[in-house]
Amino acid sequence: SHMALIDKYIDYCVDYNCMINDVNLIAKALKFIGIEAYDHIAQFSENNSRWIIMDLACQKSGVINAVRGSNAPVSELKYIYEHSDSCALICDSLRVINDLEDFLVENKTKFIIYIGNEQIEKKYPFPVFTFDELLNIGKTTDIEISFNVSSYDVATIVYSSGTTGAPKGVMLTH
């Protein structure tokens with residue numbers, strides 16, 4: 001089988017069969033930890049292989065992710081989280097999680113999925129799942145993903161940088 005993702009930064013090199021297996025495991029784990037189709041999750045991350053897997057898992061399970069790079073200003077990330085009506089966060093940066101912690105508590109965030117490489121040293125006031133933990137949850141649950149996608153369903157909301165004011169969200173359908 002051909003290689004689908006080669007990410008030398010985290011030593012994650014997988015072929016298409018392994019990639020779709022990881023997508024399916026993460027989609028099952030999302031449902032297991034309480035996310036339903038049409039829920040909104042903010043995904044603040046720079047481009048990497050885990051970002052791709054999370055994005056595809058969200059699409060497979062009908063979750064609408066609101067995406068923006070984690071290097072964006074904190075004020076922008078707060079705006080996007082609220083504006084997109086997100087209930088959880090996928091993020092690759094502990095700095096961003098720490099900067100948003102009080103804000104996320106105020107907004108009743110269900111959980112965070114951390115897809116970065118740093119060790120999590122502190123206890124947060126909401127559950128934090130790592131990418132590997134989600135893969136393991138997916139392996140141990142028999143939940144089925146049964147999202148029947150329509151081409152009119154929103155798949156993702158891509159936000160601009162907000163250089164002319166507040167960031168603008170563009171809804172992209174399946």
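Is R95 buried, partly exposed or exposed? Select R95 and keep that in mind; the tour comes back to it.

**Before you start**

You are looking at a predicted model, in which local features need pLDDT of at least 70, side-chain atom pairs count only at pLDDT 80 or more, and totals for chains, interfaces and linings use all residues. Residues are numbered from 1 along each chain as its sequence is written, and side-chain values use heavy atoms, with hydrogens and water left out.

**Stop 1: the sheet**

Colour the strands (DSSP runs of E, at least two residues, numbered from the N terminus, as are helices, runs of H or I with at least four). You will find 7 strands in an open sheet of mixed pairing, ordered β7-β6-β5-β3-β4-β8-β9. Its edge strands are β7 and β9 (169-173), each pairing on one side only; two strands pair if DSSP finds at least two bridges between them. On average, neighbouring strands are turned by 20 degrees against each other, direction ignored.

Now zoom in on β6 and β7, which run parallel and are joined by 3 bridges. Y114 has T130 in β7 as its bridge partner. Add helix α5 (131-140), which packs on the sheet and touches β6 and β7, its direction making about 80 degrees with that of β7. For such angles, axes are lines fitted to C-alpha atoms, for helices over the stretch in contact, and values run from 0 to 180 degrees between N-to-C directions.

Next, show helix α2 (49-61): this helix lies across β3, β4, β5, β6 and β8, and runs at about 170 degrees to β3.

**Stop 2: Q43**

Select Q43 in strand β3 (40-44). Q43 counts as buried because its relative accessibility is 0%; buried means under 20% relative accessible area, exposed over 50%, and partly exposed in between (1.4 Å probe, protein chains only). Expand the selection to its contacts (heavy atoms within 4.5 Å). Leaving out residues up to four places away in sequence, Q43 touches W51, M54, D55, C58, N65, A66, V67, R68 and I90. Draw a distance from the side chain of Q43 to the backbone oxygen of W51 and you should read 3.2 Å. Another distance to try is C-alpha to C-alpha from Q43 to D92: 8.8 Å, with their positions 49 residues apart along the chain.

**Stop 3: helix α3**

Look down the axis of α3 (74-83), where E76, L77, I80 and Y81 are buried. These buried residues fall within an arc of 135 degrees, so they line one face of the helix; the arc is taken over directions from the helix axis to the C-beta atoms. Their cover includes β3, β4 (64-68), β5 (88-91), α4 (94-106) and β8 (154-159). Just after α3, D85 takes a positive phi of about 60 degrees.

**Stop 4: the salt bridges**

The structure holds 3 salt bridges, each a side-chain nitrogen of Lys or Arg within 4 Å of a carboxyl oxygen of Asp or Glu.

- R68 and E76 meet at 3.0 Å, N to O. E76 counts as buried, at 12% relative accessibility.
- E101 and K122 meet at 2.6 Å, N to O. This pair links distant parts of the chain, E101 in α4 and K122 in the loop between β6 (112-114) and β7 (128-130), 21 residues apart. E101 is buried at 14%, while K122 is partly exposed at 38%.
- R95 and D99 meet at 3.4 Å, N to O. Both lie in α4, 4 residues apart, about one turn of the helix.

And the opening question: R95 counts as partly exposed because its relative accessibility is 42%. Its partner D99 is also partly exposed, at 38%.

Technical notes. Polar contact = N/O pair within 3.5 Å; in protein donor to acceptor, adjacent residues only side chain to side chain.
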